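Biologist: I'm new to this one, so could you walk me through it?
Modeller: Sure, let's put it up and take it piece by piece.

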Amino acid sequence: MRCPYCGSLDDKVIESRTLGTGESIRRRRECISCGYRFTSYERIEEKPFMVVKRDGRRQPFDRAKLEKGIARALEKRPVSATMTDNLISEIEDIIFIRGRTTREIPTEELGDLVLEKLHGLDKVAYIRFASVYRHFENLDEFITEVNKIESVKDNAE
C-alpha cells in the first residue's frame with residue numbers, strides 16, 4: 001500500500017480489526033521508509049445487482065430510482081414516510097432474494113412486485129403507478145384497471 005505521506009510502497013501492518021458485521025477489515029499500517037502511520041480498509045467487492053430492461057440493456061439497481069417512482073405514486077396519499085420506507089425496503093429485500101444467484105432482475109418482475117405491494121397499501125397509488133408502468137394509451141385501459149380493482153374488492157366482500 002502506498003504511504004500517503006512519502007509515497008513509498010514499503011509498509012507493515014501493525015493491527016487488524018474486523019468491523020461491524022464482518023463485512024470489512026480496518027488495518028493500521030506503518031510506513032517503513034518514513035514511520036508515518038495510516039489506516040486502510042478492506043471490503044469485499046461484490047458484483048452490482050443489475051436490472052434488465054425490456055430492450056435487454058442492463059443497468060445497476062438504483063434504490064433512489066425505486067423510491068422516486070413509489071413516492072410519485074404515493075404523493076398526497078395518506079401513507080406515512082415510515083410505511084413508504086418499509087415498503088421500499090421490503091421490495092428491495094425480495095428482489096435481492098429472487099436474484100441471489102444471477103444478481104439481476106427483469107424490470108417486468110420489479111414493476112409487478114411494486115404493483116403488488118402498492119395494491120395492498122393504497123389503490124390510488126396502485127393506479128398511478130400502473131398507468132405509468134403499463135403505459136396506458138387511452139382512458140379505456142385506465143377504466144379497465146380501475147374495474148379490476150373494484151372486482152377484486154367485490155370478491156373479497
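What follows is a short round of questions and answers on this structure.

Modeller: Before you ask, this is a predicted model, where local features need pLDDT of at least 70, side-chain atom pairs count only at pLDDT 80 or more, and totals for chains, interfaces and linings use all residues. Residues are numbered from 1 along each chain as its sequence is written, and side-chain values use heavy atoms, with hydrogens and water left out.

Biologist: What pattern does the protein chain follow along the sequence?
Modeller: There are five helices and six strands; helices (H or I, at least four residues) and strands (E, at least two) are DSSP runs, numbered from the N terminus. Read along the sequence, the pattern is β-β-β-β-β-α-α-β-α-α-α.

Biologist: What is the radius of gyration of the protein chain?
Modeller: The C-alpha atoms fill a box of roughly 75 × 35 × 25 Å along the principal axes. The radius of gyration is taken over C-alpha atoms, and the globule rule is 2.2 Å times the number of residues to the power 0.38. For 157 residues, a compact globule would come out near 15 Å, but this chain has 24 Å.

Biologist: Which helix supplies the largest share of the largest nonpolar core?
Modeller: A nonpolar core is a set of buried Ala, Val, Leu, Ile, Met, Phe, Trp, Tyr and Cys residues joined through side-chain atoms within 4.5 Å, and buried means under 20% relative accessible area, exposed over 50%, partly exposed in between (1.4 Å probe, protein chains only). The largest one here has 26 residues, with L66, I70, I91, I95, V114, L118 and F129 having the most contacts inside it. α1 (63-73), α2 (81-98), α3 (107-121) and α4 (123-133) each give at least two residues. The largest share, six residues, comes from α4.

Biologist: Are α1 and α4 parallel or oblique to each other?
Modeller: Axes are lines fitted to C-alpha atoms, for helices over the stretch in contact, and angles run from 0 to 180 degrees between N-to-C directions. Under 35 degrees counts as roughly parallel, over 145 as roughly antiparallel, 65 to 115 as roughly perpendicular and the rest as oblique. These two pack at about 125 degrees, with axes 8 Å apart. α1 and α4 are therefore oblique.

Biologist: Which residues of α4 meet α1?
Modeller: Contact means heavy atoms within 4.5 Å. Not counting residues up to four places away in sequence, F129 touches G69, A73, G111, V114, L115 and L118. On the α1 side of the helix pair we have G69, R72 and A73, and they meet α4's A125, R128 and F129.

Biologist: Is T107 buried or exposed?
Modeller: T107 sits in helix α3. Leaving aside neighbours within four places in sequence, T107 is in contact with V51, V52, K53, R54 and Y133. With 14% relative accessibility, T107 counts as buried.

Biologist: And K76, buried or exposed?
Modeller: K76 lies in the loop between α1 and α2. It has a positive phi of about 60 degrees although it is not a glycine. At 77% relative accessibility, K76 counts as exposed.

Biologist: What is the relative accessible area of R103?
Modeller: R103 is found in the loop between α2 and β6 (104-106). Its phi is near 60 degrees, a positive value in a residue other than glycine. R103 is partly exposed, and its relative accessible area is 22%.
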